[in-house]
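Reader: Could you take me through one part of this model up close? I'd like to hear about the charged pairs on the helices, and then how they sit relative to the sheet.

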Amino acid sequence: MNKHEQALYDYMSEPANFSTACEVAEKLPWLKRELIASFWNEMDGLLLERLALELPGWKTFKDDNLFEKHSKFGIYNEGWDFDKPDENPVGLCFESISGMDGKLFIGFAIDGNNKYYDLKAIHKAFEGTELQKRLTHHNDWWLFGKYLNPHFANNQTLMQILPATRGPLMQELMGMMITLAKELEAEVDVLALLSQSRL
């Protein structure tokens with residue numbers, strides 16, 4: 001035991017402190033989940049307001065269960081919608097937003113199970129784009145993307161998303177989304193691409 005651990009042990013093993021320490025330990029997983037959920041819910045509302053000013057026609061989307069393995073939060077252009085709600089195969093988003101499956105990931109996702117589009121044609125259209133060259137992670141489920149430092153299973157990141165301290169990280173993540181959306185609009189006509197790739 002180092003000095004810090006010894007001091008912590010001495011403090012928490014005092015009869016007057018032990019029951020509080022047990023209660024905190026018991027409630028900590030719940031607190032972490034509540035912090036993560038409230039962070040993304042607050043960001044959803046704030047990003048929607050920013051999109052209305054900076055990228056009219058763009059909307060947010062968020063998985064109902066933020067704690068699924070590949071949970072997503074993102075934005076899409078309403079012009080990309082077609083006949084059915086589950087038809088749209090693409091979205092600019094963050095993945096693993098609960099930190100349950102590694103680091104936070106940002107990129108342009110594609111639904112590899114979508115049956116309404118020629119997904120190979122969509123992938124081909126992104127080959128060699130500046131976005132794909134710069135954000136080099138791409139596979140069947142991502143047209144481009146990269147890993148970020150925030151990891152929501154990490155206590156340092158949890159400190160950043162406390163209600164009193166979350167502003168800077170939230171602004172940084174929203175800025176990334178908006179910047180990528182503007183770059184995407186400048187480089188690829190996604191609506192035309194989806195229209196041409198429709199089966």
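Author: Let's start with R50, which is partly exposed, with a relative accessible area of 22%. Keep in mind that this is a predicted model. The side chain of R50 meets that of E54 in a salt bridge, at 3.0 Å from N to O. Why do these two residues sit about one helical turn apart? Because they are four residues apart in helix α2. E54 counts as partly exposed too, at 33% relative accessibility. In general, side chains of opposite charge can pair when their charged atoms come close.

Now hop over to helix α4, which covers residues 130–134. Here E130 forms a salt bridge with K133, and the closest N and O atoms are 3.6 Å apart. The spacing is three residues within helix α4, so E130 and K133 are separated by about one helical turn. K133 is exposed, with a relative accessible area of 54%, and the cut-off for calling a residue exposed is over 50%.

Helix α4 has another charged residue to look at, R134. R134 forms a salt bridge with E183, the closest N and O atoms being 2.4 Å apart. This pair links distant parts of the chain: R134 belongs to helix α4, E183 to helix α6 (residues 167–187), and their positions lie 49 residues apart in numbering. As for accessibility, E183 is partly exposed at 28%, and R134 counts as partly exposed at 47%. Back at R50, salt bridges that share partners join R50, E54 and K182 into one network. Across the whole structure, a search finds six salt bridges.

So where does helix α2, the home of R50 and E54, lie? Helix α2 spans residues 15–54 and lies across β1, β2 and β3 (90–95). Relative to β1, helix α2 runs at about 170°.

Those strands belong to an open sheet of five, in the order β1-β2-β3-β4-β5, with antiparallel pairing. Its edge strands are β1 (58–62) and β5 (142–147), each of which pairs on one side only. On average, neighbouring strands of this sheet are turned by 20° against each other, direction ignored. For a closer look at one edge, take β1 and β2 (residues 72–77): they run antiparallel and are joined by five bridges. If you want a single spot to click on, try F61, whose bridge partner in β2 is G74.

Definitions and conventions: Residues are numbered from 1 along each chain as its sequence is written. This is a predicted model: local features need pLDDT of at least 70, side-chain atom pairs count only at pLDDT 80 or more; totals for chains, interfaces and linings use all residues. Side-chain values use heavy atoms; hydrogens and water are left out. Two strands pair if DSSP finds at least two bridges between them. Axes are lines fitted to C-alpha atoms, for helices over the stretch in contact, and angles run from 0 to 180 degrees between N-to-C directions. Contact means heavy atoms within 4.5 Å. A salt bridge is a side-chain nitrogen of Lys or Arg within 4 Å of a carboxyl oxygen of Asp or Glu. Buried means under 20% relative accessible area, exposed over 50%, partly exposed in between (1.4 Å probe, protein chains only).
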